[in-house]
Amino acid sequence: MNLNENKDNLNELDKERYKRFINGDVEGFEELVLAYKNMLIYFLNRYLQDLNIAEDIAQDAFVDVYVYKERYNGKTSFKTYLFTIGRNKAIDYIRKNKQMQYTVNIEEQTEISSDEDELIDYIIQQENKGLIAHTLERMKEEYARVLILIDFEDFSYKKAADVLGKTTSQVKVLIHRARKSLRKMLEEEGFTYEE
C-alpha cells in the first residue's frame, strides 16, 4: 500500500468517525481526538512556543469541532480542517497577547524501559528528536511550520497551503527553502537530512 492509499484510507476512516459523531456517537469524536490531539499540540507549539498554551488552544479547537459540528463539510480532510481551526485560534491568541513571553519546552515525558537495548534505542531516538527540535527552533518560524506540516505530518502541498493561509505555489517555494535551510543547519552539526 503506498502513501496516497494510506492517506485516502485515513481520510475515509476520519469521515466515518465524523459521521458517527454527527449521528450522536460520541466515541467517533473521541477517536478523532485521540488520533490528532498530540499532532495538533506539537503544531500549535510552533506558533505559541508554550506547550501549556498549545494544549489549551488544541482543546479549544476540539471544542469548536464538537460545538459547531455542522461546519465540517468533508471537502478537505478532517486533519486539515482541525489544523486550520487550531492555527486560527493560535493567531488570535498571539494577537490578543502580543506581550506574551515565549518559552520553549521540547522535552517529552516518556517511560524508559529497563531493557538495555530499548534504552539505547530510546536515547538515540531522543537525541535525534532533540537535534531536529533544536534545529527547528533556530529556523524561521514559517520554515519550521511548513516542515512540520509537510515532512513530519505528511500534509500535501494543497492542505499545508490551506492551513498556512498561502497558495500552493507559495508553499512549494517555502518548503524548498525550508528544506535547504534545515539541510545546511544539520550539516553544520555533522548530520544529514534526507527528504
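These legends describe close-up views of a predicted model of one protein chain.

**View 1. The chain as a whole is built from eight helices.**
The protein chain has zero strands, and its elements run α-α-α-α-α-α-α-α from the N terminus on. Of its 195 residues, 37% count as buried. Among contacts with a separation of 6 or more, 64% are accounted for by residues 24 or more positions apart.

**View 2. The largest nonpolar core has 47 residues.**
Leu 44 and Phe 78 are the residues with the most contacts inside this core. Two or more residues each come from helix 1 (3-22), helix 2 (26-48), helix 3 (51-67), helix 4 (78-96), helix 6 (141-152), helix 7 (157-164) and helix 8 (168-188). Helix 2 gives the most, with 10 residues. Beyond the residues up to four places away in sequence, Phe 78 touches Asp 14, Tyr 18, Leu 32, Tyr 36, Val 65 and Tyr 72.

**View 3. Val 65 is placed in helix 3.**
The relative accessibility of Val 65 is 0%, so this residue counts as buried. Residues up to four places away in sequence are not counted in the following list: Val 65 touches Tyr 18, Phe 21, Phe 29, Phe 78, Tyr 81, Leu 82 and Ile 85. One of these partners, Tyr 18, is 47 residues apart from Val 65 along the chain, and the two C-alpha atoms are separated by 10.0 Å. Tyr 18 and Val 65 are also among the residues that Phe 78 touches.

**View 4. Ser 77 sits in the loop between helix 3 and helix 4.**
With a relative accessible area of 7%, Ser 77 falls under the 20% limit and is therefore buried. Its side chain makes a polar contact with the side chain of Thr 80, at 2.9 Å. Leaving aside neighbours within four places in sequence, Ser 77 is in contact with Asn 11, Tyr 72 and Lys 159. Tyr 72 is also touched by Phe 78. A further pair to display is Ser 77 and Glu 12: they are 65 residues apart along the chain, and their C-alpha atoms are separated by 8.8 Å.

**View 5. Helix 6 and helix 8 cross at roughly 100 degrees.**
The two axes come within 9 Å. An angle from 65 to 115 degrees counts as roughly perpendicular, and helix 6 is therefore roughly perpendicular to helix 8. On the helix 6 side, the contact is made by Glu 142, Tyr 143, Val 146, Leu 147, Ile 150 and Asp 151. On the helix 8 side, the residues are Val 171, Leu 174, Ile 175, Arg 177, Ala 178, Arg 179, Ser 181 and Leu 182. By class, this contact has nine nonpolar, one polar and four charged residues. Both helices also give two or more residues to the largest nonpolar core.

**View 6. Ala 161 of helix 7 touches Val 171.**
Ala 161 has a relative accessible area of 2% and is buried. From C-alpha to C-alpha, Ala 161 and Val 171 are 5.9 Å apart in space, and they are 10 residues apart in sequence. Ala 161 also touches Lys 166, Thr 167 and Thr 168, where residues up to four places away in sequence are not counted. Val 171 is, in addition, one of the helix 8 residues in the contact with helix 6.

**View 7. Gln 49 has a positive phi although it is not a glycine.**
The phi value of Gln 49 is about 60 degrees. Gln 49 is found in the loop between helix 2 and helix 3. With a relative accessible area of 11%, Gln 49 is under the 20% limit and so counts as buried.

**View 8. Asp 154 is a residue other than glycine with a positive phi.**
Phi of Asp 154 is near 60 degrees. This residue lies in the loop between helix 6 and helix 7. Asp 154 is partly exposed because its relative accessible area, 40%, lies between the limits of 20% and 50%.

Notes
Residues are numbered from 1 along each chain as its sequence is written. This is a predicted model: local features need pLDDT of at least 70, side-chain atom pairs count only at pLDDT 80 or more; totals for chains, interfaces and linings use all residues. Side-chain values use heavy atoms; hydrogens and water are left out. A nonpolar core is a set of buried Ala, Val, Leu, Ile, Met, Phe, Trp, Tyr and Cys residues joined through side-chain atoms within 4.5 Å. Buried means under 20% relative accessible area, exposed over 50%, partly exposed in between (1.4 Å probe, protein chains only). Helices (H or I, at least four residues) and strands (E, at least two) are DSSP runs, numbered from the N terminus. Contact means heavy atoms within 4.5 Å. A polar contact is a pair of N or O atoms within 3.5 Å; within protein, one must be able to donate a hydrogen and the other to accept it, and residues adjacent in sequence count only if both atoms are side-chain atoms. Axes are lines fitted to C-alpha atoms, for helices over the stretch in contact, and angles run from 0 to 180 degrees between N-to-C directions. Angles under 35 degrees count as roughly parallel, over 145 as roughly antiparallel, 65 to 115 as roughly perpendicular and the rest as oblique. Ala, Val, Leu, Ile, Met, Phe, Trp, Tyr, Cys and Pro count as nonpolar, Asp, Glu, Lys and Arg as charged, and the others, Gly among them, as polar.
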